Structure formats: structure tokens, C-alpha cells
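Ready for some practice in reading a protein model? Work through each exercise with the structure open beside you, and try each task yourself before reading its solution.

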Amino acid sequence: MKQSLIWLIARRYLMGKGQANAVPILSRISMAAIAISSAAMIILFSVFNGFELMVKDMYKAFYPGIKITAQRGKFFSSSLVKLDDISKIEGVNSLCPVIEDNALAGDQDALAGSANRQKVVVVKGIENQYFKVNNVRDSIDGVDTISDGNPYTAILGLRIAHELGADRNNVFSYILLYYPNPSVTNPENDPLNAFESLKLHPAGTFSVSDEFDDKYILAPISLVQKLFHASGMYSSVELNV
């Protein structure tokens, strides 16, 4: 009885004639306002959910599920981590050792063998297993592997490639990486040996977002370890779980 009365009153004020009183008009305005605001909220939340999924997919290209790093210092010895034992842990799909640090990248002057255009980048030394750990392979244009054979190859962020004039379709196109030689304590007195260098052919480029495309160069870990004077060292171990 009470419920029927409530619906009867609601129907009376909703369907009543407007000239009788203002309540039906106000009721309709309120219903329309609530319906529009509710629809706007649903649309807004849907858009934010879409942005969240897009951002997560984007960051998966370089941020793994789990990352093992040194508690102190920049690098740690590879002997401190047992990769085979980690790979046998339940839930670990794949893993890859990584060594990375800032370096100076430049284009190669074909005649002088020096760099005209230069840029500070993050060089990430990896194995080809890395492409099973992260989702960057889906964003690569060109060869999606790196080689420490002849020639040495790398995969560059698209913005880096544009700034350095690197052309993956030109077999004579190379970039140069420079890194301070830690054994030279006084580079002013020994400028020729103050930096280690590494010559790489850009076999491919990736386009994830400007943040990453303007930052990373992927190269073979063995070559990067030699460039950094860090043989047998890692900066992290990245896991896909």
C-alpha cells in the first residue's frame, strides 16, 4: 500500500498539467539534468579508462613486470644473480640481463670519422631475449633484432634517428657512441683516450612515445659492457611475469 502510494504521488507530479502548478515542470527539468549529468559522468569515466589502458600499454614497452637492480651503485656483478635459477621460479615467463647508462651519441662523418650532430642518450645493452620481456617489438620498424657480429647493429628511438640523420635503409649509415674512459683520471692530459667509442649501424627504429623515442638506444649487451668498461656487469635483470 505504501509503495503504491509513493508511485501514485510520483506519477501525479510527473504527469500533471503544467498550468496547474510548477511541480511537474520542475520534476521534468530535474530528471533531464540528472540524466544528462549521469551520461556525462559515464562518458568521462569511459574516456579515462581508455587513457589508462593506452598508457599502460605504452609503458609496457620499456617497464617490465619486475626489475632487479643494485641496492647501491650503478652496476653489479653478473655472478650475484643466478639467471637459470630465477627463470625456474613459478610465474617467470622470460628474463633478460641489462646494462644501461647515459652516453653521447653522434652521427658519423664519412670523411673525418667524427660526429657533427650529437645528443645525450641512454644506451641499453640487451640480449635478443629482451624482446620477449617487454612489448617494444610491436613498435619497431625494420629489423627487430640486434647483432654483435659484422656489422654491429642497434635499434634507435625514432626521434634520435631523425636528429642524428641515421638511416636504417642505408648500409653505410652509422652512429657513434662515446663514453668516458674510467681509466683516464686526467682527460685534459690524454684527450685521445679520454672516451671509449662504439660504432653501430641503425638496423631498426622504434616509435613508442616522444619520452622513449628521444631517449633510448638498444644495443648488444656485450658491446655496451665493453664500452662502459663493465665486463661481466649488469645494471638490472628484467623479468616478464
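Is Tyr234 buried or exposed?

**Solution.** Please keep in mind that this is a predicted model. Start with the cut-off: a residue is buried when its relative accessible area is under 20%. Tyr234 has a relative accessible area of 11%, so Tyr234 is buried.

**Exercise 1. Describe the ring pair that Tyr234 forms, and say which parts of the chain are tied together.**

Step 1. A pair of aromatic rings is described by the distance of the centres and the angle of the planes.

Step 2. The structure holds 6 aromatic pairs, and one of them joins Tyr234 to Phe76, with 6.2 Å centre to centre and 85° between the planes. Planes over 60 degrees apart count as edge-to-face, and this pair is indeed edge-to-face.

Step 3. Find the two residues: Phe76 is in strand β2 and Tyr234 in strand β10, so the pair ties together parts that are 158 residues apart in sequence.

Step 4. Check the partner as well. Phe76 has a relative accessibility of 8%, so Phe76 counts as buried.

**Exercise 2. Classify the pair formed by Tyr179 and Phe228.**

Step 1. The ring centres of Tyr179 and Phe228 are 4.3 Å apart and the planes meet at 40°, so this pair is tilted.

Step 2. Tyr179 belongs to strand β7 (residues 175-180), while Phe228 sits in the loop between α7 and β10; the pair links distant parts of the chain, 49 residues apart.

Step 3. Both Tyr179 and Phe228 are buried.

**Exercise 3. Explore the surroundings of Phe75.**

Step 1. Locate Phe75 in the loop between β1 (66-69) and β2 (76-77).

Step 2. Phe75 counts as buried because its relative accessibility is 19%.

Step 3. Now look for contacts, leaving aside neighbours within four places in sequence. Phe75 is in contact with ten partners you can look up, including Tyr179, Phe228 and Tyr234. Glu100 is also one of the contacts; the C-alpha atoms of Phe75 and Glu100 are separated by 8.8 Å, and the two residues are 25 apart along the chain.

**Exercise 4. Find the side-chain partner of Lys119.**

Step 1. Go to strand β4 (residues 118-126), where Lys119 lies.

Step 2. With a relative accessible area of 13%, Lys119 is buried.

Step 3. The side chains of Lys119 and Asp214 are joined by a polar contact of 2.9 Å. Not counting residues up to four places away in sequence, Lys119 also touches others, among them Ala103, Ile160 and Glu163.

**Exercise 5. Spot two features of the backbone.**

Step 1. Recall the general rule: most residues other than glycine have a negative phi, and most peptide bonds are trans.

Step 2. Asn150 and Pro151 are joined by a cis peptide bond, with omega about 5°. Pro151 is in the loop between β5 (140-142) and β6 (153-157).

Step 3. His229 is not a glycine, yet its phi is positive, near 55°. You will find His229 in the loop between α7 (221-227) and β10 (233-234). Its relative accessible area is 41%, so His229 is partly exposed.

**Exercise 6. Which residues form a nonpolar patch on the surface?**

Step 1. The patch is made of Met41, Leu44, Phe45 and Phe48, which together have about 410 Å² of accessible area.

Step 2. Take Phe45, which lies in helix α2 (residues 23-59). Phe45 counts as partly exposed because its relative accessibility is 47%.

Conventions:
Residues numbered from 1 in each chain as written. Predicted model: local features only at pLDDT ≥ 70, side-chain atom pairs only at ≥ 80, totals over all residues. Heavy atoms only, no water. Patch = residues over 30% accessible without salt bridge, like charges linked within 9 Å, V, L, I, M, F, W, Y side chains within 5 Å. Areas by Shrake-Rupley, 256 points an atom, 1.4 Å probe, with all protein chains shown as cover. Salt bridge = Lys/Arg side-chain N within 4 Å of Asp/Glu carboxyl O. Helix = DSSP H or I, 4+ residues; strand = E, 2+ residues; numbered from the N terminus. Buried < 20%, exposed > 50% of the residue type's maximum accessible area, 1.4 Å probe, protein only. Contact = heavy atoms within 4.5 Å. Polar contact = N/O pair within 3.5 Å; in protein donor to acceptor, adjacent residues only side chain to side chain. Phe/Tyr/Trp six-rings, centres within 6.5 Å; stacked < 30°, edge-to-face > 60°.
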